[in-house]
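Here is a short report on a protein and the DNA it touches. Keep the picture open while you read.

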Protein chains: 2
Amino acid sequence: MSKPTVHDIAREAGVSLATVDRVLNERAGVREVTVKRVREAVSRLGYVRDISAANLARQRRYRFAFLLPDTPSQFLKVLQDAIDEAALGLKLDRCEIQVLRVPVSDPVALVNVFRRLERIAVDGVAVMGNETPMMRDLIARLKARRMAVVALITDQPNSERDHFIGIDNMAAGRTAAVLMGRFAGPRRGSVAVVVNSMQARDMVERRIGFDQVLSEQFPGLTALPTVEGRDDHEVTARVIAQCLDSHADVVGIYCAGAGLRGVSQVVAERGLAGRQVVVGHDLTPHSRAALEAGTIDAIINQNAGHLARSAARVLKAQCDGVGVIASQEKIRIEIVIKENLP
Amino acid sequence: MSKPTVHDIAREAGVSLATVDRVLNERAGVREVTVKRVREAVSRLGYVRDISAANLARQRRYRFAFLLPDTPSQFLKVLQDAIDEAALGLKLDRCEIQVLRVPVSDPVALVNVFRRLERIAVDGVAVMGNETPMMRDLIARLKARRMAVVALITDQPNSERDHFIGIDNMAAGRTAAVLMGRFAGPRRGSVAVVVNSMQARDMVERRIGFDQVLSEQFPGLTALPTVEGRDDHEVTARVIAQCLDSHADVVGIYCAGAGLRGVSQVVAERGLAGRQVVVGHDLTPHSRAALEAGTIDAIINQNAGHLARSAARVLKAQCDGVGVIASQEKIRIEIVIKENLP
DNA sequence: CTGAAAGCGCTTACAG
DNA sequence: CTGAAAGCGCTTACAG
């Protein structure tokens with residue numbers, strides 16, 4: 001016999017469809033004995049519920065919001081595009097996704113966003129932003145309203161978020177260091193390290209991983225004190241230029257945050273392509289061009305399309321109360337060089 | 001007004017549901033004028049059909065078969081597991097997937113497989129195997145029966161397959177060469193190259209890409225003539241050992257096919273870890289362990305889970321006559337080192 | 001606490 | 001060539 005349906009369960013348990021439905025959806029107001037009879041019928045027949053039929057019947061729509069920082073960055077643009085593209089495909093699965101660019105470090109703005117999400121009755125939220133008390137508070141409010149919440153790219157480990165969608169940044173830093181060390185070959189000297197801000201947990205983690213591997217495996221290389229590019233390619237260009245001016249023995253640059261464009265600009269201007277090893281993060285139109293031009297040697301990337309789809313899938317699974325395929329939701333630390341550019 | 005349904009179209013066009021359905025599904029037997037009226041209503045209201053409701057109504061099930069070679073290889077095991085895992089998740093989407101391990105180079109076996117696929121009324125087939133006349137013939141038969149067909153991992157470019165799910169092997173070879181050259185640092189010498197068989201197109205392509213980059217970018221390194229490991233780690237170990245014995249200046253080994261386990265075994269036995277640069281393909285339990293042990297330096301991988309899910313999604317899209325998200329179906333050339341192991 | 005009936009958006013025989 | 005009615009597998013008011 002083929003897949004059992006609610007009708008089969010009803011017959012087998014000697015109850016009506018409505019009662020089967022109540023038990024399946026764990027609604028109150030059913031006698032213990034009845035619940036048990038239905039449960040037994042379910043397991044005896046090996047019933048599994050057809051979620052798309054259920055969604056059709058209840059006209060279920062999933063409304064998700066993605067909260068991204070309103071800072072200008074090419075990667076955020078890439079990510080936003082990826083979310084929009086994923087949203088198109090997910091429409092068929094009754095998911096409506098909207099992206100909100102918000103000033104994530106402004107408490108007032110965050111409260112307004114929360115009000116808005118509440119008003120439009122969102123089912124799930126993916127939040128990206130630094131770990132701050134405001135953010136933790138926002139997540140707590142969302143969870144209090146029973147929304148599904150995932151942290152995107154930057155984890156919010158001490159919050160009530162249901163999942164984290166992103167990479168292990170320590171491992172990413174370690175990976176960057178191996179590429180730096182091996183690509184540098186026999187050269188000895190120092191390595192410049194630029195991040196957005198040492199306030200951000202991911203930057204700190206990348207730096208720690210990077211330092212670990214450099215000191216363990218490449219004793220000929222010394223990482224210089226971190227300089228901060230403040231998410232801005234002009235600032236990044238300036239601090240990196242200063243760094244190169246004050247250290248004659250720099251053989252490589254690790255750009256752990258945004259602003260990679262500033263780095264490649266300095267490298268190009270000074271004719272350092274192929275002489276400095278440059279390792280950065282995040283594939284964007286700029287970093288792709290820089291890889292092709294040879295001003296950057298390798299990019300550590302997290303696939304924007306994968307991030308977007310994974311966040312949506314996990315939010316949906318959370319809403320449905322079902323599990324996910326762990327391996328599919330694991331965001332990979334991609335290594336991209338000119339030759340394997342997608 | 002919210003999403004229009006078939007009812008809205010029927011009312012707007014002044015016809016019945018059945019007629020709307022006929023037009024939407026392009027069935028014959030509707031007057032040209034009627035077709036036009038319905039089409040106009042569709043575009044006027046911006047109707048898009050709810051595929052899951054349609055599938056529910058027609059009790060549509062998708063039956064897919066994956067044909068994998070019956071040769072023993074760890075990567076095939078990994079792939080088979082990935083397919084089984086994907087199948088579990090796709091059950092919810094009414095997809096039933098079965099994997100058939102077949103002697104793909106045996107014409108008689110292939111004909112039998114075809115008969116079987118025909119008998120169980122499969123909707124789509126993913127085939128993996130060398131490009132042979134038999135294979136091309138099999139694909140032609142499948143297409144003649146209106147099945148969707150994708151080539152998996154190894155393309156069948158001169159066949160009628162609908163899509164190719166796999167990587168650009170030339171680019172993969174180029175990527176391997178960059179890793180080889182950069183990891184070798186200042187060392188000069190020769191590089192051993194082992195493949196399954198030079199009859200296989202992917203092996204030839206990888207070798208070409210590898211040679212291109214080596215001669216363009218790393219003049220200090222010379223690739224030795226290809227040796228064949230015949231998909232067997234013992235044979236691979238033997239031919240690599242011979243290669244090392246007869247060439248004193250080998251600084252690296254590129255294993256473009258299966259049998260990487262044989263390479264890492266020789267490297268381990270001879271205490272060459274860290275002295276020879278070893279680059280191979282495909283992440284398996286063995287190659288993972290070898291990366292961790294340091295007997296292999298880098299793996300070029302194609303994600304098995306991604307291959308499996310992508311093949312299924314593309315087959316389904318083909319059956320439904322809809323498009324796919326190109327970026328999601330592009331199989332990436334992954335670079336895996338110890339530090340970014342998933 | 002439980003059930004009969006209608007409905008979600010689409011498709012399918014069957015009749016005409 | 002076209003339509004009325006029943007049905008896919010589930011859920012939801014409404015009655016009792």
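## Around DNA strand C

DNA strand C is surrounded by 27 residues. The closest are A:R22, A:T34, B:V6, B:D21 and B:Y47. Here, a residue is near a strand if one of its heavy atoms lies within 4 Å of it. Of the atoms of DNA strand C that come within 4 Å of the protein, 68% belong to sugar and phosphate.

This is a predicted model, in which local features need pLDDT of at least 70 and side-chain atom pairs count only at pLDDT 80 or more, while totals for chains, interfaces and linings use all residues. Residues are numbered from 1 along each chain as its sequence is written, chains are lettered from A and ligands numbered from 1 in the order in which they are written, and side-chain values use heavy atoms, with hydrogens and water left out.

## Reaching the phosphates of strand C

Which side chains of chain B come to a phosphate oxygen of DNA strand C? One is B:Y47, with an N or O atom of its side chain 2.5 Å away. Another is B:R27, with a polar side-chain atom at 2.9 Å. B:N25 also has a side-chain N or O atom 3.4 Å from a phosphate oxygen of this strand. These are polar contacts (a pair of N or O atoms within 3.5 Å; within protein, one must be able to donate a hydrogen and the other to accept it, and residues adjacent in sequence count only if both atoms are side-chain atoms).

Now look at the helices. Four elements give two or more residues each to the surface near DNA strand C: α2 (17–24) and α4 of chain A, and α2 (17–24) and α4 (51–57) of chain B. α4(B) has the largest share, four residues. Helices (H or I, at least four residues) and strands (E, at least two) are DSSP runs, numbered from the N terminus. By class, this surface has 13 nonpolar, seven polar and seven charged residues. Ala, Val, Leu, Ile, Met, Phe, Trp, Tyr, Cys and Pro count as nonpolar; Asp, Glu, Lys and Arg count as charged; the others, Gly among them, count as polar.

## Around DNA strand D

Turn to the other strand. DNA strand D is surrounded by 28 residues, and the closest are A:V6, A:D21, A:Y47, B:R22 and B:T34. Sugar or phosphate supplies 69% of the atoms of DNA strand D within 4 Å of the protein, and bases supply the rest.

A:R58 has a polar side-chain atom 3.3 Å from a phosphate oxygen of DNA strand D. B:Q59 has one 3.5 Å from a phosphate oxygen of this strand. B:A57 reaches a base instead: a backbone N or O atom lies 3.2 Å from a base oxygen. The largest share of the surface near DNA strand D comes from α4(A), with four residues. This surface divides into 14 nonpolar, seven polar and seven charged residues.

## Where the chains meet

How many residues of chain A are in contact with chain B? There are 35, and they touch 37 residues of chain B. Contact means heavy atoms within 4.5 Å. The two chains bury about 3500 Å² between them, 54% of it on carbon and sulfur atoms. Buried area is the accessible area (1.4 Å probe) that two parts lose on being put together, summed over both. A:R182, A:R332 and A:E339 supply 21% of the area that chain A buries against chain B, more than any other three residues.

Six salt bridges link chain A and chain B. A salt bridge is a side-chain nitrogen of Lys or Arg within 4 Å of a carboxyl oxygen of Asp or Glu. One joins B:R332 to A:E334, at 2.8 Å from N to O. Across this interface, 13 residue pairs are in polar contact, both residues at pLDDT 80 or more.

## How the copies are related

Chain A can be laid on chain B by a turn of 180° and a shift of 0.0 Å along the axis, with an RMSD of 0.0 Å. Copies are superposed by least squares on the C-alpha atoms of residues with pLDDT of at least 70 in both. That is the relation of a two-fold axis. In chain A, the C-alpha nearest the axis belongs to A:G185, 2.2 Å from it. The same surface serves both copies: of the contact residues of chain A, 100% recur in chain B.
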